[in-house]
Amino acid sequence: MSTKTIEEKQYLTRFKADTKSHLTILDHEICRETCPDKICTIFCPAEVYKWEGTRMQVGYEGCHECGSCRIGCPQQNIQWEYPKGGHGIVFRLA
Ligand code: SF4
Ligand code: SF4
């Protein structure tokens, strides 16, 4: 049995993105003023969060639905839900 790297496994994922984000930054001011480390840009394995200087951009289309941002944001500033039925990540086994 071969062992795949994380990158190889990620290559097997596909996404069916909804038009509406299932991830919401509740207050951009909190990110700006109280969170110097912007730790969501580090713990998210899919690099969904990108700090744009004044605002957090959320590339929800690539979310792996791991749920880490529900507990990882020290300010509990991310509202997380599962994508609507039929949308989101599709894992393929190979
Ligand atoms: S970890 Fe939370 S508070 Fe900090 S930048 Fe990310 S979303 Fe904002
Ligand atoms: S659920 Fe996981 S992959 Fe999706 S945005 Fe949160 S940390 Fe990133």
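**Predicted model: aromatic pair, ligand shells and core**

A search of the whole structure, which is a predicted model, turns up one aromatic pair. The pair is made of Trp80 and Tyr82, and it is edge-to-face because the ring centres lie 4.8 Å apart with the planes at 70°, where over 60 degrees is the limit for that class. The chain has 94 residues, of which 30% are buried. Its secondary structure amounts to four helices and six strands.

**Overall layout**

- Along the sequence, the elements come in the order α-β-β-α-α-β-β-α-β-β.
- Taken along the principal axes, the box filled by the C-alpha atoms is roughly 50 × 30 × 20 Å.
- Of the contacts in the chain with a separation of 6 or more, 66% join residues that are 24 or more positions apart.

**Aromatic residues**

- The two members of the aromatic pair fall into opposite exposure classes: Trp80 has 9% relative accessibility and so counts as buried, whereas Tyr82 has 58% and so counts as exposed.
- Trp80 is also among the closest residues to ligand 2.
- A further ring, that of Trp51, has Lys38 over its face, at 4.5 Å from the ring centre.
- Lys38 is also one of the residues around ligand 1.

**Ligand 1**

- The shell around ligand 1 includes the cysteines Cys31, Cys35, Cys40 and Cys73.
- Ile25, Ile39, Ile78, Met56 and Pro74 also belong to this shell, as do Lys38, Gln75 and Asn77.
- By class, the shell divides into nine nonpolar residues, two polar and one charged.

**Ligand 2**

- Ligand 2 is surrounded by 14 residues, and the closest of them are Cys44, Cys63, Cys66, Cys69 and Trp80.
- In this shell 10 residues are nonpolar, three are polar and one is charged.

**Nonpolar core**

- In soluble globular proteins, nonpolar side chains tend to be buried together.
- In this model the largest nonpolar core contains 14 residues, and Leu23, Ile25, Val48, Tyr49, Cys69 and Ile78 have the most contacts inside it.
- At least two residues of this core come from strand 2 (23-25), and at least two from strand 5 (78-80).
- Ile78 touches Thr24, Ile25, Cys40, Tyr49, Cys69 and Cys73, with neighbours up to four places away in sequence left out.
- Some of these names recur at the ligands: Ile25 and Ile78 are in the shell of ligand 1, and Cys69 is among the closest residues to ligand 2.

**Loop between strand 1 and strand 2**

- Asp18 is placed in the loop that runs from strand 1 (14-16) to strand 2.
- The relative accessibility of Asp18 is 12%, so this residue counts as buried.
- Apart from residues within four places in sequence, Asp18 is in contact with Tyr60, Lys84 and His87.
- Ser21 lies in the loop between strand 1 and strand 2 too, but Ser21 is partly exposed because its relative accessible area is 21%, and buried requires under 20%.
- Between the C-alpha atoms of Ser21 and Val48, which are 27 residues apart along the chain, the separation is 11 Å.

**Helix 2**

- His28 is part of helix 2, which covers residues 28-34.
- With 17% relative accessibility, His28 falls under the 20% limit and so counts as buried.
- Beyond sequence neighbours within four places, the contacts of His28 are Arg55 and Met56.
- Met56 is also in the shell of ligand 1.

**Loops on either side of helix 4**

- Most residues other than glycine have a negative phi.
- Glu65 has a positive phi, near 60°, and is found in the loop between strand 4 (56-58) and helix 4 (68-72).
- Gly67 lies in that loop between strand 4 and helix 4 as well, and counts as buried because its relative accessibility is 15%.
- Gly67 and Tyr82 are 15 residues apart along the chain, and their C-alpha atoms are separated by 8.9 Å.
- Gln76 also has a positive phi, near 50°, and sits in the loop between helix 4 and strand 5.
- The relative accessible area of Gln76 is 64%, so Gln76 is exposed.

Notes:
Residues are numbered from 1 along each chain as its sequence is written. Chains are lettered from A and ligands numbered from 1 in the order in which they are written. This is a predicted model: local features need pLDDT of at least 70, side-chain atom pairs count only at pLDDT 80 or more; totals for chains, interfaces and linings use all residues. Side-chain values use heavy atoms; hydrogens and water are left out. A residue is near a molecule or strand if one of its heavy atoms lies within 4 Å of it. Ala, Val, Leu, Ile, Met, Phe, Trp, Tyr, Cys and Pro count as nonpolar, Asp, Glu, Lys and Arg as charged, and the others, Gly among them, as polar. A nonpolar core is a set of buried Ala, Val, Leu, Ile, Met, Phe, Trp, Tyr and Cys residues joined through side-chain atoms within 4.5 Å. Buried means under 20% relative accessible area, exposed over 50%, partly exposed in between (1.4 Å probe, protein chains only). Contact means heavy atoms within 4.5 Å. Rings of Phe, Tyr and Trp (its six-membered ring) pair if their centres lie within 6.5 Å; planes under 30 degrees apart count as stacked, over 60 as edge-to-face and the rest as tilted. A charge sits over a ring if NZ of Lys or CZ of Arg is within 6 Å of the ring centre and within 35 degrees of the ring normal.
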